[in-house]
Amino acid sequence: MDAFPVSNLDATVNIDGCDTGVVSQLLPNGATFNDWIGAAAENPEQFTKSGKSAKSGKNAKSGKSAKSAKSTKSGKSAKS
């Protein structure tokens with residue numbers, strides 16, 4: 001059974017409209033690299049432990065960025 005019945009069959013890996021030049025591979029389950037990258041972009045919480053979107057850096061559930069969550073009122077990092 002094909003993991004992605006409507007696969008992205010582009011010859012190279014595309015991320016957010018950027019052609020990486022990396023050849024997209026067809027995997028044994030019928031998926032391509034582009035299929036998995038697209039799925040991760042649409043549902044980052046399913047592909048990361050933290051649930052953070054790699055594109056936005058924001059937590060998929062709270063909408064807050066990791067940076068803003070660690071900031072104090074003075075604008076300095078809580079660790080500094």
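Which helix is N34 found in? N34 sits in helix α1, which covers residues 33-42; helices here are DSSP runs of H or I with at least four residues, strands are runs of E with at least two, and both are numbered from the N terminus. The model is a predicted one, so local features need pLDDT of at least 70 and side-chain atom pairs count only at pLDDT 80 or more, while totals for chains, interfaces and linings use all residues. Residues are numbered from 1 along each chain as its sequence is written, and side-chain values use heavy atoms, with hydrogens and water left out.

N34 is buried, at a relative accessible area of 4% (buried is under 20%, exposed over 50%, partly exposed in between, with a 1.4 Å probe and protein chains only). Setting aside residues up to four places away in sequence, N34 touches N8, D10, T12, V13, N14 and S24, where contact means heavy atoms within 4.5 Å. As for T12, its backbone oxygen lies 3.1 Å from a polar atom of the N34 side chain.

Helix α1 also contributes to an aromatic pair. The structure holds one such pair: F4 and W36 meet edge-to-face, 4.9 Å centre to centre with 85° between the planes (rings of Phe, Tyr and Trp, the last by its six-membered ring, pair if their centres lie within 6.5 Å; planes under 30 degrees apart are stacked, over 60 edge-to-face, the rest tilted). The pair links distant parts of the chain, with F4 in the segment before β1 (12-15) and W36 in helix α1, 32 residues apart. W36 is partly exposed, at 34%.

How values were computed:
A polar contact is a pair of N or O atoms within 3.5 Å; within protein, one must be able to donate a hydrogen and the other to accept it, and residues adjacent in sequence count only if both atoms are side-chain atoms.
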